[in-house]
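Thanks for passing this one along. Here are my notes, written so that you can follow them with the model open beside you.

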Amino acid sequence: MDRDQVIASVAGDLYATEKAIDGAIAQATTLVQSMIGARAALSISAVAASGSQSKAMETIAALGVARDAIIACHAELQKDHRKMGWGVYALGPDDKPDNW
């Protein structure tokens, strides 16, 4: 593989990881919503399911930390790319804010 192919491969993996984390956050929030709905439908006290629901919400918080970390990784990769003199490689699949 030439340099451009290697860089494109890393960029593709980065975007896939960002998308996977966002998907996991969305799925985990759906789980919490489902847990609350199920509890209400079955007339179960909030106290009875507080432990499991708290753990699900902890998961969402951890995924938020993971999302921050992968975004920081993205920024560091951009810096590394420029330090190597390769300029801006790609815009990626989505628009970015101007201050990036």
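The points below go from the helix pair to the salt bridges, and then to the loop and the surface.

1. A word on the source before anything else: this is a predicted model. Please read every value below as computed from that model.

2. Let's begin with the two helices. Helix α1 covers residues 3-41, and helix α2 covers residues 50-83. Their axes come within 10 Å and cross at roughly 165 degrees. Since angles over 145 degrees count as roughly antiparallel, that makes α1 roughly antiparallel to α2. As for handedness, α1 passes α2 in a left-handed crossing.

3. One residue to look at in α2 is Leu63. Is Leu63 buried or exposed? Its relative accessibility is 18%, and the cut-off for buried is under 20%, so Leu63 counts as buried. You may also want to display Ala26 alongside: Leu63 and Ala26 are 37 residues apart in sequence, while their C-alpha atoms are 10.0 Å apart in space.

4. On to charges. Side chains of opposite charge can pair when their charged atoms come close. How many salt bridges does the model have? The count comes to four, and I pick out some of them in the next three points.

5. The pair I would show to a colleague is Arg67 with Asp22, a salt bridge whose closest N and O atoms are 2.6 Å apart. This pair links distant parts of the chain, with Arg67 in helix α2, Asp22 in helix α1 and 45 residues from one to the other. Both partners fall in the middle class of accessibility: Arg67 is partly exposed at 35%, and Asp22 is partly exposed at 34%.

6. Within α2, the side chains of Glu58 and Lys55 meet in a salt bridge, with 3.6 Å from N to O. Why are these two separated by about one helical turn? Because Glu58 and Lys55 are three residues apart in helix α2. Their accessibility classes are worth noting too: Glu58 has a relative accessible area of 47% and is partly exposed, whereas Lys55, at 52%, counts as exposed. The cut-off for exposed is over 50%.

7. Asp4 forms a salt bridge with Arg3, and here the closest N and O atoms are 3.9 Å apart. The cut-off for a salt bridge is 4 Å, so do keep that value in mind when you look at this pair. Asp4 is partly exposed, with a relative accessible area of 39%, and Arg3 is partly exposed as well, at 46%.

8. Next, a backbone detail in the loop between α1 and α2, where Ser43 lies. What is the phi angle of Ser43? Phi is near 55 degrees, which is a positive value in a residue other than glycine. Ser43 is also exposed, with a relative accessible area of 69%.

9. Last, the surface. Which residues make the nonpolar patch? Met1, Val6, Val10 and Leu77 make it, and the patch has an area of about 370 Å². Of these, Leu77 has its place in helix α2. Leu77 is partly exposed, with a relative accessible area of 33%, and patch residues need over 30%, so Leu77 meets that cut-off.

How values were computed: Residues numbered from 1 in each chain as written. Predicted model: local features only at pLDDT ≥ 70, side-chain atom pairs only at ≥ 80, totals over all residues. Heavy atoms only, no water. Patch = residues over 30% accessible without salt bridge, like charges linked within 9 Å, V, L, I, M, F, W, Y side chains within 5 Å. Areas by Shrake-Rupley, 256 points an atom, 1.4 Å probe, with all protein chains shown as cover. Helix = DSSP H or I, 4+ residues; strand = E, 2+ residues; numbered from the N terminus. Buried < 20%, exposed > 50% of the residue type's maximum accessible area, 1.4 Å probe, protein only. Axes fitted to C-alpha atoms, helices over the stretch in contact; angles between N-to-C directions. Parallel < 35°, antiparallel > 145°, perpendicular 65-115°, else oblique. Left-handed = near helix turned anticlockwise from the far one by under 90°.
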